[in-house]
Number of protein chains: 4
Amino acid sequence: MIDFESFKREFNIIAGPCAIENKKQIETIAAAVKDSGATVLRGGAFKLRSDANSFMGLGPDGAKLLVNAGKKVGLPVLTEVTKISDLQFLSDVDILQIGTRNMQNYPLITETAKTGKIILLKRGFGCTIKEYLQSVEYIKKEGNDKIILCERGIRTFETALRNTFDVSAVAILKDKTNFPVFADPSHASGDRKYVKRLSLSAVAIGCDGLEIEVHNAPEKALSDREQALNLDEFKELVSQVKELRKTVQNFYE
Amino acid sequence: MIDFESFKREFNIIAGPCAIENKKQIETIAAAVKDSGATVLRGGAFKLRSDANSFMGLGPDGAKLLVNAGKKVGLPVLTEVTKISDLQFLSDVDILQIGTRNMQNYPLITETAKTGKIILLKRGFGCTIKEYLQSVEYIKKEGNDKIILCERGIRTFETALRNTFDVSAVAILKDKTNFPVFADPSHASGDRKYVKRLSLSAVAIGCDGLEIEVHNAPEKALSDREQALNLDEFKELVSQVKELRKTVQNFYE
Amino acid sequence: MIDFESFKREFNIIAGPCAIENKKQIETIAAAVKDSGATVLRGGAFKLRSDANSFMGLGPDGAKLLVNAGKKVGLPVLTEVTKISDLQFLSDVDILQIGTRNMQNYPLITETAKTGKIILLKRGFGCTIKEYLQSVEYIKKEGNDKIILCERGIRTFETALRNTFDVSAVAILKDKTNFPVFADPSHASGDRKYVKRLSLSAVAIGCDGLEIEVHNAPEKALSDREQALNLDEFKELVSQVKELRKTVQNFYE
Amino acid sequence: MIDFESFKREFNIIAGPCAIENKKQIETIAAAVKDSGATVLRGGAFKLRSDANSFMGLGPDGAKLLVNAGKKVGLPVLTEVTKISDLQFLSDVDILQIGTRNMQNYPLITETAKTGKIILLKRGFGCTIKEYLQSVEYIKKEGNDKIILCERGIRTFETALRNTFDVSAVAILKDKTNFPVFADPSHASGDRKYVKRLSLSAVAIGCDGLEIEVHNAPEKALSDREQALNLDEFKELVSQVKELRKTVQNFYE
């Protein structure tokens, strides 16, 4: 049984592919990220895609593959909920993620909160921190305060990367709430080349964890192939993150 | 039976309160806006509110009040769908609205599209025009092309009004699609003082219709009280819009 | 002698090329735009260009060509000041423009204000309306209140056009000040295809004038060739603008 | 004589007050920041203020006070140039700063470049990284490549802090250029409470230095009093920055 309080005490790294593609893929990645130091396995079973003709995920079968892969390596698992009816297939999942496009989908948030599971609520890319905290209230209203926050980049005029990583948001959320605050540099940048640097900036500003897209063969990934780290890159990242975290920890006590 | 093609041929004005509050309120407004020249009655039964403790609408009962008020005065009706389960209560509604926060809620869009009804899909306040048109594909994928587009303001650094009304979006959408393109100056401004001016700018740039919040007693409205026009203001607006539309029509043939 | 008060009473159209290129070019354009109904001739002599290797304008010679072309056809002229030392060459120019990049260049604004000439101060593309009005104070501080304001598009996440034309700003500036408020749809869109529609939206919202880039051969222009109207397009625009203005005028009295 | 190459090799901290107020103030701060580990003394003599009635700096006298204070403690000095005529008073200054509002003031950049001095060019708060690098070309065009870049926050819809600190910009600029890349967390946040966290995030992402506002009595400062660190806060900051820098350095070799 996963212990929510540990997300406040310890630094956690959620890692795995954007989309679960098949048994072998998710098990390979699960073993590798566990070995490198990840503490939660992620993988998308139900996908929201801007392009109506993209790969939409394996659905319930994907969720099963994820849960089994997690068990095999001894990692709790996280997957995204995209609609209320997904929930019936996710009873064995440890952490339910509400994605950036659903940060103001209050009916979905409410039903997900009712499961009593840990919820990782991503910040909407077009939403203010104030609105983000208002969405948190919908979870608390259902008596669920096992909430992880996660900054993942916002929309601005700058087009050099896919989004602008609002690193200050991590500091502000730490200041205004008691929830663990994570960062997702993969979606913030949309470019694996910058995932390491953004991760380090987030650790230094005091985040409680990271969510990182990792794939065993990023160039063949069925979605988001530009942003996933390969297994070696992820391993190096974890080791640097841990070293940095050790240095930083003293600054925030 | 409402004829979708008329939304392409004629200028339509959708008017009514943010939220349906009671029988008398919606019937009073229905009669008044019909009298002033509105062609569709709007009213919110299921409400998405940032603040978890706000009034959330009357739900199924609100939908019934709206349908009846529309019948009584002979106006088709529009209401917003906020979750898939709302749809079962909306079989008598003529136009289903997908709100700005749900522009990328593809499961909701898909199920709503399957009803075969006319869908007014609002632009997401943090979404590009490109993403807007990608969401339209989800409706077309279900064989439904009875789609009305609606610009309602985007998020920018300017804070003088609640949103920045992207008037160019109307021109671009007219250029890139054959769907009727509406504007919602009430949500764009969040301030009744600017609703008239924004409406006129939208008409001049060639929009096919407007969606306007109107209330018989705006100062007592249960939601969005700053932006609703009162009955007299709406009447004046319609008359100016019609006169302007006549002038403009020749410019775009 | 140009009468500033007429800019409050009458609708003015400032037209001409981005850059003055040679005597023939500016005189051809001057005659044509005067004939079509322009009331001020514009042309750039000193140019600020993002690309350090672009054409920077003809400088003092360009200013002379502009002044002479204006005299020949009987139009007052406007040109942009880019640095304090430009001012010595601009004593025969009627209206001095401070460009969008200089909206917070207070030393330049102050020295330009001291000439006592009419100043058209463009809104900074990254600046709020509040900051815009703060910059106006620098002009008034020098005892000069012959000020024309001009919305020309702001920076947002939307990339469909070069900037997002903030049409509401026209309404807000009309509401908060007594200065004439213009719009510049050429720079707002960066695309001639949308100049007409944006112009009409600005007229409908109640602007007091327009600034439009016009070129006799836009495809050969030395700068901003995508956005300049050709002479025929400009002629049509003026006629529609005048017709629209007549309709709208009654709405704002 | 200050050695530009050292800005590439070593980590530098530029510190001092927003505005030079008097001899005692700047000398007190100079001694303290030198003692804490600052390597450059900053102070504003010529100020650009949005509010036309604010304190505008001591001008040439301020520059002298700064230069003398720097000499006394053995620190090179930096001050901002706001107009071309300032340059005549700044021949003893080591580093000339072009502020955010002047990032596209090409005439000022050009004349400042001609001095041959080191130039710290701040990013415009409304400007893209692409435009930033275009402005750098104006300096290089004058044969000056002693250029320091500095991210200081951009304009977005988020209003929790004064600007949104674009930490990714540091990474991108490091990637695309060979110039030292600094960060200014004081202006990015506008709030001393967040200066430390933002500084650490910038160091972790690999910046080459920081510019920090420091005041001996922030609550009495003549400008920007909300964002200046006091002398003790600055001392603690430097010690943490140095420790973090040591950890991070290995990651970027």
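In this predicted model, D:Glu211 touches a wide set of residues outside its own stretch of four places in sequence, namely D:Ile14, D:Arg42, D:Leu78, D:Gln97, D:Leu120, D:Lys122, D:Cys150, D:Phe182, D:Ala183, D:Asp184, D:Pro185 and D:Ser186. D:Glu211 has its place in strand β8 of chain D, and that strand belongs to a closed barrel of 8 strands with parallel pairing. The points below begin with this residue and the barrel of chain D, turn to the barrel of chain C and to two threonines in loops, and end with the relations between chains.

**D:Glu211 in strand β8**

- The relative accessibility of D:Glu211 is 1%, so this residue counts as buried, the cut-off for that word being under 20% relative accessible area.
- The side chain of D:Glu211 makes a polar contact, at 2.8 Å, with the side chain of D:Arg42, and D:Arg42 is also among the residues that D:Glu211 touches.
- D:Cys150, another of the residues touched by D:Glu211, is 61 residues away from D:Glu211 in sequence, while the two C-alpha atoms are 8.4 Å apart in space.

**The barrel of chain D**

- The strands of the chain D barrel follow the order β1-β2-β3-β4-β5-β6-β7-β8, and their pairing is parallel; from one strand to the next, the twist averages 30 degrees.
- Strands of a sheet pair through backbone hydrogen bonds, and they do so either in the parallel or in the antiparallel sense.
- One such pair in chain D is formed by strand β6, residues 147–151, and strand β7, residues 181–183, which run parallel over 3 bridges; within it, D:Leu149 has D:Val181 of β7(D) as its bridge partner.
- Helix α4 of chain D, residues 106–114, lies across β3 (77–81), β4 (95–98) and β5 (118–122) of that chain, and its direction is at about 175 degrees to β4(D).
- Helix α9 of chain D, residues 231–249, lies across β1 (12–16) and β8 (209–213), running at about 170 degrees to β1(D); strand β8 is the one that holds D:Glu211.

**The barrel of chain C**

- Chain C also has a closed barrel of 8 strands, β1-β2-β3-β4-β5-β6-β7-β8, with parallel pairing, and the twist from one strand to the next averages 30 degrees.
- In chain C, strand β4, residues 95–98, pairs with β5(C) in the parallel sense over 4 bridges, and C:Ile95 finds its bridge partner in C:Ile118 of β5(C).
- Helix α2 of chain C, residues 23–36, packs on the sheet and touches β1 (12–16) and β2 (40–42), its direction making about 150 degrees with that of β2(C).

**Two threonines in loops**

- C:Thr115 sits in the loop between α4 (106–114) and β5 (118–122) of chain C, and with a relative accessible area of 36% it is partly exposed.
- A polar atom of the C:Thr115 side chain lies 2.6 Å from the backbone oxygen of C:Thr112, and the side chain of C:Thr115 also reaches the backbone nitrogen of C:Lys117, at 3.2 Å.
- Beyond its neighbours within four places in sequence, C:Thr115 is in contact with C:Leu87 and C:Leu96; its C-alpha atom is separated by 8.6 Å from that of C:Asn144, which is 29 residues away along the chain.
- A:Thr177 is found in the loop between α6 (167–176) and β7 (181–183) of chain A, and at 12% relative accessibility it counts as buried.
- The side chain of A:Thr177 has a polar atom 2.9 Å from the backbone oxygen of A:Leu173 and a polar atom 3.3 Å from the backbone nitrogen of A:Phe179.
- Not counting residues up to four places away in sequence, A:Thr177 touches A:Leu133 and A:Leu149.

**Relations between chains**

- Two copies of a chain are related by a rotation about an axis and a shift along it.
- Chain A can be laid on chain D by a turn of 180 degrees and a shift of 0.0 Å along the axis, with an RMSD of 0.0 Å, and that is the relation of a two-fold axis.
- The residue of chain A that comes closest to this rotation axis is A:Ser201, with its C-alpha at 2.1 Å, and the same surface serves both copies, since 100% of the contact residues of chain A recur in chain D.
- Chain D is superposed on chain B by a rotation of 180 degrees with 0.0 Å of shift along its axis, at an RMSD of 0.0 Å; in chain D, the C-alpha nearest that axis belongs to D:Phe157, 2.2 Å from it.
- For this second pair, too, the same surface serves both copies, with 100% of the contact residues of chain D recurring in chain B.

Technical notes:
Residues are numbered from 1 along each chain as its sequence is written. Chains are lettered from A and ligands numbered from 1 in the order in which they are written. This is a predicted model: local features need pLDDT of at least 70, side-chain atom pairs count only at pLDDT 80 or more; totals for chains, interfaces and linings use all residues. Side-chain values use heavy atoms; hydrogens and water are left out. Copies are superposed by least squares on the C-alpha atoms of residues with pLDDT of at least 70 in both. Contact means heavy atoms within 4.5 Å. Two strands pair if DSSP finds at least two bridges between them. Axes are lines fitted to C-alpha atoms, for helices over the stretch in contact, and angles run from 0 to 180 degrees between N-to-C directions. Buried means under 20% relative accessible area, exposed over 50%, partly exposed in between (1.4 Å probe, protein chains only). A polar contact is a pair of N or O atoms within 3.5 Å; within protein, one must be able to donate a hydrogen and the other to accept it, and residues adjacent in sequence count only if both atoms are side-chain atoms.
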